[in-house]
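Reader: Hi! I'm new to looking at protein models, could you walk me through one?
Author: Happy to, let's bring it up.
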Amino acid sequence: MSNTEKGGLHRVRNFLSCRQVLNLLTMLGFMLNYALRVNLTIAIVDMVRPNVTSQAGNATLAGNNTGNSTASPDGVDVYEERFPWDTYQTNFVLGCFFWGYILTELPGGRLAELIGGRRVFGHSMLWASLLTLITPLAAHINYVVLIVVRVVLGFMLGASWPAIHPVAAVWIPPMERSKFMSNMMASSLGAAITMPICGYLISVAGWASVFYLTGAVGLLWSLAWFTFVYETPATHPRISAEERREIEEAIGTTTSKKRPSHVPWGQLLCSPAVWAIIICHGLAVFGFFTVVNQLPTFMSKILHFDIKQNGLFSSLPYLGKYVMAVASSYLADYLRKKGTLSTTATRKLFTTFALVIPGLLMIVQVFLGYDATWSVTIFSLALFAHGAVTAGYLGNGLDIAPNFSGTIFGLANTLSSFGGFLSTWMVGALTYNDESFHSWQIVFWILAATYISGPIVFAIFGTGELQPWNNPPERVKISDVTQEEGVPLKNEK
């Protein structure tokens, strides 16, 4: 190869490194992850017949009893079946996602540690996309069939979040991990984009179109993921020697050269640092899931936005959250690299900022939330601040035990999944016979308490120090193939 050709190849690699490709596809993956989840929260407003009371005897778990109705926004007539579900049933459909989601959090994280995050993350998104495509058919067949599809969808997507931590453990240098974890908050960007698009699609093509679009895009992403992403730098055919060496030297011995064959459960479950992450995440995500699943309903029932406005205004808070996630993560990594703050101080500072502010804003929402302008502003500011969790506790498992970061986050997300189902049940119970702003005020008080409790726990028990049980002695011999996948490449001369 001539010097000119080598120089051209070098410039291409500098333009888009393997880590940059990984970052880009991870960001897009989490955007789609939430698009596949929240498409129902916006579509269900148009799927359900208006003014169906909780005592509607013709809506049962055994069947839909659907009928044709006509929606004519913007002068466009859309003929599509709507379903006679009451408030309880509607929230049941939204909440059943978490039944499946909760089952694969911990197994998904551990499986990713053993066989690689690329496989687990990629397959979870692939099958979730296929399930999204058949969601309209399931809804038309039977209410129970729709519930089954949503449960299995949750089952698939549950493994995706903890699976990305083992990917970061072998691909991302420790001082860049806050920035990489901000890709998880691209889920908020996905929600922000999905909601207005869904609102527009529903107005011109009916509610089923949102499932066909998000499912198809998810399939295209899956193809790109399996084509361009590899389990480790060691197995990537296009990585440069310079990038491989940089990753090897930066990660060092913090990530084990062999994937640990067992989890030191006793030490892990007795670690205050682990429980600080689990409890903080559970409380924080309880608040976030409540907003994600119920914000469109609140705007429709209380603020009286039509479906198109609903999608637009519901998306604003998520845009702010993603901007904060990226900005705070870059700032956190900068402060750590410069030695201005220790990892422990950085995680605690950003966790406090990210959760105390939303808690205080929920108190403001209690008194001013009946006004549309104030409500949109408060929710936007609350989720804007919440984005800073990427620089706080969200990536803390990679600090304290990168070899078991998937397991730790799996445990944390399992608890938060209980909170997700609890939040939809809570709102349904509180608004069951009283869909007034007073009922929502109770919801906001509960959110304030949970948001503020999380950082208190993390401030007391959290740490950024590597735990001694991160590298346990091996009990069994690991195959050469597994060793190769778990080891960053050695330096090349």
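Reader: Let me start with one residue: is Tyr322 buried or exposed?
Author: Tyr322 counts as buried, because its relative accessibility is 14% and the cut-off for buried is under 20%. Keep in mind that this is a predicted model, and the values we discuss are computed from it.

Reader: Got it. Where does Tyr322 lie, and what does Tyr322 touch?
Author: Tyr322 is part of helix α15, which covers residues 307-338. Leaving aside residues up to four places away in sequence, Tyr322 touches Met27, Ser182, Met185, Ala186, Ser188 and Leu189.

Reader: And how many residues apart in sequence are Tyr322 and His386?
Author: They are 64 residues apart along the chain, and their C-alpha atoms are separated by 9.2 Å.

Reader: Okay, let's zoom out. How many helices and strands does the chain have?
Author: The count is 21 helices and 2 strands. The chain has 493 residues, and 59% of them count as buried.

Reader: What about contacts that link distant parts of the sequence?
Author: Take the contacts between residues at least 6 apart in sequence: 85% of them join residues at least 24 apart.

Reader: And how much accessible surface does the chain have?
Author: About 19200 Å², and carbon and sulfur atoms account for 67% of that.

Reader: Which residues have the most contacts inside the largest nonpolar core?
Author: Those are Trp171, Phe298, Met362, Tyr393 and Phe444, in a core of 109 residues. Helix α14, residues 272-301, gives the most to this core, with 15 residues. There is also a second, separate core of 24 residues, and Phe83, Leu146, Leu201 and Val210 are among its members.

Reader: Can we follow one of those? What does Met362 touch?
Author: Not counting residues up to four places away in sequence, Met362 touches Ile378, Phe379, Ala382, Phe444, Leu447, Ala448 and Tyr451.

Reader: Let's hop to Ala448 then. Where does Ala448 lie, and why is Ala448 called buried?
Author: Ala448 lies in helix α20, residues 437-461. Ala448 is called buried because its relative accessible area is 3%, and buried means under 20%. Besides Met362, Ala448 touches Gly359 and Ile363, again leaving out residues up to four places away in sequence.

Reader: How far apart in space are Ala448 and Gly287?
Author: They are 8.2 Å apart, C-alpha to C-alpha, with their positions 161 residues apart in sequence.

Reader: New topic: holes! How many cavities of 30 Å³ or more are there?
Author: The search of the whole structure finds 6. The largest cavity holds about 180 Å³ of space, and 19 residues line this largest cavity. The closest to its centre are Trp161, Met185, His281, Val285 and Phe288.

Reader: How can anyone tell where empty space is left?
Author: By rolling a probe the size of a water molecule over the atoms.

Reader: Neat. Which helices supply at least two residues each to the lining of the largest cavity?
Author: They are α2 (18-47), α10 (186-205), α14 and α19 (405-430). The largest share of that lining, 4 residues, comes from α14. You have met α14 already, as the helix that gives the most to the largest core.

Reader: What about cysteines? How many disulfides are there?
Author: The search finds 0 disulfides in the whole structure. Two cysteines to look at are Cys18, which counts as buried at 12% relative accessibility, and Cys198, which is buried with a relative accessible area of 2%.

Reader: One more pair, please. Is Ser129 buried or exposed?
Author: Ser129 is buried, with a relative accessible area of 0%. Ser129 is found in helix α5, residues 117-133. Its contacts, not counting residues up to four places away in sequence, are Leu36, Gly215, Gly218 and Leu219.

Reader: And which helix is the place of Ile147?
Author: Ile147 sits in helix α7, residues 143-158, and counts as buried at 8% relative accessibility. Apart from residues up to four places away in sequence, Ile147 touches Phe92, Cys96 and Trp99. Its C-alpha atom is separated by 9.4 Å from that of Gly95, 52 residues apart along the chain.

Reader: Thanks, that was fun!
Author: Glad to help, enjoy exploring!

Technical notes: Residues are numbered from 1 along each chain as its sequence is written. This is a predicted model: local features need pLDDT of at least 70, side-chain atom pairs count only at pLDDT 80 or more; totals for chains, interfaces and linings use all residues. Side-chain values use heavy atoms; hydrogens and water are left out. A disulfide is a pair of cysteine sulfur atoms within 2.5 Å. Buried means under 20% relative accessible area, exposed over 50%, partly exposed in between (1.4 Å probe, protein chains only). A nonpolar core is a set of buried Ala, Val, Leu, Ile, Met, Phe, Trp, Tyr and Cys residues joined through side-chain atoms within 4.5 Å. Contact means heavy atoms within 4.5 Å. Accessible areas come from the Shrake-Rupley method with a 1.4 Å probe; for residues, only the protein chains shown count as cover. On a 1 Å grid over the protein atoms alone, a cavity is a set of points where a 1.4 Å probe fits but cannot get out, and a pocket is an open set with protein on both sides within 12 Å along at least five of seven lines; lining residues have an atom within 4 Å of a point. Grid points are joined across faces, edges and corners, and a volume is the space filled by probe spheres set on the points.
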